[in-house]
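Colleague: I would like to learn how to read a structure of this kind. Could we go through it feature by feature?

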Amino acid sequence: MSTPADFPVPRTCPFTPPDSYDAMRAAGPLTRVTIPSGKRAWLLTRHTDVRAALADPAASSDARNPDFPALGHGEQQVAAELRPFIRMDPPDHTLVRRMLVGEFTLKRTRALGPVIEQTCHEQLARMLSLTPPVDLVTEYANRVSTTVICHLLGVPTEDLEFFRSITTVTGARSSTAEQVGAALNDLFALINRLVDDKTANPCDDLISRLALGPLERGEITRSSLLSQIGITLNAGHETSRNMIPLAAVALLRHPDQLAKLRDDPGRWPAAVDELLRYLSVADTITLRVATADIELEGATIPAGDAFIPLLGAANHDPAAFADPHVFDIDRPERHHVAFGYGVHQCIGQNLGRLELEIALRVLTDGAPALALTEPFEELPLKDTSAIFGLEQVRVSW
Amino acid sequence: MNAPRLRADRARCTGAGQCARTAPTLFDQDDDGLAVLLIPNPPVEALSQARLAADLCPSGAIALHGDLPRARPITE
Ligand code: HEM
Ligand code: SF4
């Protein structure tokens, strides 16, 4: 009786979401699929539907619901136990989100600019001191993204290498469930120790403020606090780590667009949003269950059913973006959903944008002859991870 | 004639800062991350920004009311 899984589908081109999304969108608003757990789910592929469904109060992110359409092995159990706020519903979600959102304001984020700039210069200099070919993912992107997120949270420099070793395990396709479990235990032990340290010796960072504020006032339990710090570390690091190399390759493959950025660096912010749209690395992260019927144009998601609004499909919907498969930093449309939509829309989006902009600008300015050393067609894709990316990108300069 | 009016519902705001980023003359963000409306009666030249902010707000917290010039496609 069990149907073989037909979702997620691998990408054919590393830059754009799977080709089959276009066919699904043309065929109708909802596509029924079987996911690896054997459960069924509806896929949404139209930009208007994706936004409407994600903004609907009946769209539940609660991973404790047995119908929640987790895609990764063991993902549902972990999320149901740890309850990171990305997998919570209001009012629980609202409480945590309000606790954190002040840490991610535009002002706070922009104040991090100089630190990010310095980090990127240091990491690029380090990379350029190595003998090519080197892997852009481990030798640049991962080092930049771990340094930035650890700085924001207040993970001390001494613990950076330890944090990096954890993320190497959690981020690799080759890791077993046991290895990932052990790495997560290490991560939580690290965060737990930091909460103690910072309660005793507070600094100007996120963990100190949460430990002395909401935790001391009893507004959040210690175990929930650890989960919320853990998801912020992970979500903030995985996305940038995957986006930076993929975006760098996209720019190398579109030299006309890169030339425009070299002529006029003021175009970087628009280019970053276009990269976010075009690459849509978090395509399948928004997993939901309908707690009541959700009405879409010409279709209904029935109450109780699992559904996945595909961010990449929405971002490549020709009804929302002219020539959606073309990478064009001057495109006028601004309403991409690479960061999601609704109350869960990425809390770290302003940091993510700034980090991408600086990391890519420093890289392309500082290594103007940057080039792939292996054929583009042979780049290893991270097809099974929650956030899409490239496993390895070997470069010379 | 009903002059255009902007509203930002802080109870619905999810603090993503899209409004302060895309329409900095109309919105700010307080230290808690929630939207602050700066100009409730946006002048005509700010209407396309106001419309863009209302469209991009992920939580439906921004509303633009009143008699508006014919909508142009949301770009800019
Ligand atoms: C740069 C590329 C990034 C992309 C494409 C991205 C994408 C997303 C998406 C699509 C969601 C919504 C998930 C859902 O609705 O279920 C999300 C939520 C989230 N992101 Fe990001 N993100 C990025 C960067 C970051 C950064 C830098 C941080 C932290 C520093 C971060 C932290 C989070 C957190 C904590 C959530 C959960 C928010 C909530 O549920 O209220 N992200 N992200
Ligand atoms: S765009 Fe909407 S959710 Fe975001 S800060 Fe402004 S009002 Fe709040």
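Modeller: Begin with a definition: two strands pair if DSSP finds at least two bridges between them. Keep in mind also that this is a predicted model.

Colleague: What is the order of the strands in the open sheet of three strands?

Modeller: The general idea is that strands of a sheet pair through backbone hydrogen bonds, either parallel or antiparallel. In this case the three strands of chain A follow the order β4-β10-β9, and their pairing is antiparallel. At the edges are β4 (134-135) and β9 (371-372) of chain A, each of which pairs on one side only.

Colleague: How many bridges join β9(A) to strand β10 of chain A?

Modeller: Two bridges join them, and β10 covers residues 394-396. To follow the register, take one residue and look for its partner: L372(A) has V395(A) in β10(A) as its bridge partner.

Colleague: Now the sheet with five strands. What is the order there?

Modeller: This open sheet, also in chain A, has the order β1-β2-β8-β5-β3, and its pairing is mixed. Its edge strands are β1 (30-34) and β3 (59-60) of chain A, each with a partner on one side only. β1(A) pairs with β2 (residues 40-44) of chain A in the antiparallel sense, over five bridges. Within β2(A), A41(A) is the residue opposite V33(A).

Colleague: Next, the ligands. Which residues come nearest to ligand 1?

Modeller: To read a binding site, list the residues within 4 Å of the molecule. For ligand 1 there are 25, and H93(A), R97(A), R288(A), H344(A) and C346(A) come nearest. Three side chains can then be checked against oxygen atoms of the ligand. A polar side-chain atom of H93(A) is 2.6 Å from an oxygen atom of ligand 1, and for R97(A) the distance is 2.8 Å. An N or O atom in the side chain of R288(A) lies 2.7 Å from an oxygen atom of ligand 1.

Colleague: Which elements give two or more residues to that shell?

Modeller: They are α4 (92-101), α11 (222-253) and α15 (349-366) of chain A. The largest share, three residues, is from α11(A). By class, the shell has 14 nonpolar, eight polar and three charged residues.

Colleague: Where does ligand 2 sit?

Modeller: Ligand 2 is in the largest cavity. The residues around ligand 2 belong to chain B, among them C13(B), C19(B), C57(B) and S59(B). This shell divides into seven nonpolar, five polar and no charged residues.

Colleague: How many cavities of 30 Å³ or more does the count come to?

Modeller: Rolling a probe the size of a water molecule over the atoms shows where empty space is left. Here the count is four cavities of 30 Å³ or more. The volume of the largest cavity is about 110 Å³. Its lining has 17 residues, and C13(B), A16(B), G17(B), C19(B) and C57(B) lie nearest the centre. That lining holds ten nonpolar, seven polar and no charged residues.

Colleague: What volume has the second largest cavity, and which residues are closest to its centre?

Modeller: The second largest cavity holds about 90 Å³ of space. Of its 15 lining residues, R334(A), H336(A), Q345(A), Q18(B) and L56(B) are the closest to the centre. The elements giving two or more residues to this lining are α15 of chain A and α1 (18-22) of chain B. By class, the lining has four nonpolar, six polar and five charged residues.

Conventions: Residues are numbered from 1 along each chain as its sequence is written. Chains are lettered from A and ligands numbered from 1 in the order in which they are written. This is a predicted model: local features need pLDDT of at least 70, side-chain atom pairs count only at pLDDT 80 or more; totals for chains, interfaces and linings use all residues. Side-chain values use heavy atoms; hydrogens and water are left out. A polar contact is a pair of N or O atoms within 3.5 Å; within protein, one must be able to donate a hydrogen and the other to accept it, and residues adjacent in sequence count only if both atoms are side-chain atoms. Helices (H or I, at least four residues) and strands (E, at least two) are DSSP runs, numbered from the N terminus. Ala, Val, Leu, Ile, Met, Phe, Trp, Tyr, Cys and Pro count as nonpolar, Asp, Glu, Lys and Arg as charged, and the others, Gly among them, as polar. On a 1 Å grid over the protein atoms alone, a cavity is a set of points where a 1.4 Å probe fits but cannot get out, and a pocket is an open set with protein on both sides within 12 Å along at least five of seven lines; lining residues have an atom within 4 Å of a point. A molecule sits in a cavity or pocket if more than half of its atoms lie within 2 Å of its grid points. Grid points are joined across faces, edges and corners, and a volume is the space filled by probe spheres set on the points.
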